[in-house]
Amino acid sequence: MALSEDEKMPVPQHIAIIMDGNGRWAKNRGLPRTAGHKAGGETFRRIANYCREIGVKYLTVYAFSTENWKRSTEEIGGIMLLLERYLKEALRDMEKNGVCFRFFGDLSRLSPKLRKLCEDTEARSSQYHEVQVNFCLNYGGRDEIIRAARAFAADVAAGKRSADSLTELEFENYLDSAGVPDPELVIRPSGEQRTSNFLPWQSAYSEFVFMNVLWPDFMPEHLDEAIAEFYRRNRRFGGA
Ligand code: IPE
Ligand code: IPE
Ligand code: MG
């Protein structure tokens, strides 16, 4: 039986996750790193479904960073292939899932085929609103800010904006996340305790939860645990 609105546990409106630990998960099993990414992809499906079930409105996931191009050609190829397969599946099951997709990051470096899949997924899913998944692909927070600054400078040069009157709110419109509220909660599994260039602007006031579980092993219970930790904290900031 579905829970009524009153019976549902409170959840943050926007959760962001650094999907880390795929490589170690594979290594622990004597498998190639790509097997870890495949398992990580399954975890993403599981967690995105769970977020939709519990009423999270925005889920932002770090899938591939601007730094990840330093990895072996084989590993990068494997990740890109998994992404292609996932997006084809998302396009096929769009109506059933009701997920709206957005992509954060510089897509110009992706293969034309993958970029087209991203664009099609974004365009065709914009009519769905059950949950919005923001996929960070070739994403780096500093790169995002630089691209935004360039776009703003171009508008100033074109006489559409004035440099002196720029506000934080206005600048946000130039970021990949334009129109998306900031994440209240950022989760990093895998035991690493750094943010690796993930949403530096948007997470200025987010609560961070670092967890000792590798992403492929991350279960809905881990998300519950992170949400419970979030609500245990006293979210008092800025003022008195
Ligand atoms: C995260 O897992 C996935 C990507 C960065 C694409 P990793 O591949 O970084 O896994 P670890 O950190 O090596 O275990
Ligand atoms: C961050 O994980 C990027 C993604 C999860 C896509 P990394 O494994 O690439 O980050 P570092 O190298 O530990 O900082
Ligand atoms: Mg890693």
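**Ligand surroundings and a helix pair**

In this predicted model, an oxygen atom of ligand 2 has a polar side-chain atom of Arg 188 at 3.2 Å. The points below cover the surroundings of both ligands and the contact of helix H3 with helix H5.

**Ligand 2**
- Besides Arg 188, the residues around ligand 2 include Arg 71, Arg 194, Asn 68 and Ser 196.
- Ile 18, Met 19, Asp 20, Tyr 62, Ala 63 and Phe 64 also belong to the surroundings of ligand 2.
- The side chain of Arg 194 places an N or O atom 2.7 Å from an oxygen atom of ligand 2.
- For the side chain of Arg 71, the distance from an N or O atom to an oxygen atom of ligand 2 is 3.3 Å.

**Ligand 1**
- Ligand 1 is surrounded by 13 residues, of which Asp 20, Gly 23, Arg 24, Arg 33 and Arg 71 are the closest.
- Arg 33 has a polar side-chain atom 2.9 Å from an oxygen atom of ligand 1.
- Two backbone contacts also involve oxygen atoms of ligand 1: a polar backbone atom of Asn 22 lies at 3.1 Å, and a backbone N or O atom of Gly 21 lies at 3.3 Å.

**Helices H3 and H5**
- The axes of H3 (residues 73-92) and H5 (residues 112-125) come within 10 Å and cross at roughly 30°, which means that H3 is roughly parallel to H5.
- The crossing of these two helices, H3 and H5, is left-handed.
- In H3, the contact residues are Met 80, Leu 83, Glu 84, Leu 87, Lys 88 and Leu 91.
- They meet Lys 113, Leu 114, Leu 117, Cys 118, Asp 120, Thr 121 and Arg 124 in H5.
- By class, the residues of this H3–H5 contact comprise seven nonpolar, one polar and five charged.

Notes. Residues are numbered from 1 along each chain as its sequence is written. Chains are lettered from A and ligands numbered from 1 in the order in which they are written. This is a predicted model: local features need pLDDT of at least 70, side-chain atom pairs count only at pLDDT 80 or more; totals for chains, interfaces and linings use all residues. Side-chain values use heavy atoms; hydrogens and water are left out. Axes are lines fitted to C-alpha atoms, for helices over the stretch in contact, and angles run from 0 to 180 degrees between N-to-C directions. Helices (H or I, at least four residues) and strands (E, at least two) are DSSP runs, numbered from the N terminus. Angles under 35 degrees count as roughly parallel, over 145 as roughly antiparallel, 65 to 115 as roughly perpendicular and the rest as oblique. A crossing is left-handed if the near helix is turned anticlockwise from the far one by less than a right angle, and right-handed if clockwise. Contact means heavy atoms within 4.5 Å. Ala, Val, Leu, Ile, Met, Phe, Trp, Tyr, Cys and Pro count as nonpolar, Asp, Glu, Lys and Arg as charged, and the others, Gly among them, as polar. A residue is near a molecule or strand if one of its heavy atoms lies within 4 Å of it. A polar contact is a pair of N or O atoms within 3.5 Å; within protein, one must be able to donate a hydrogen and the other to accept it, and residues adjacent in sequence count only if both atoms are side-chain atoms.
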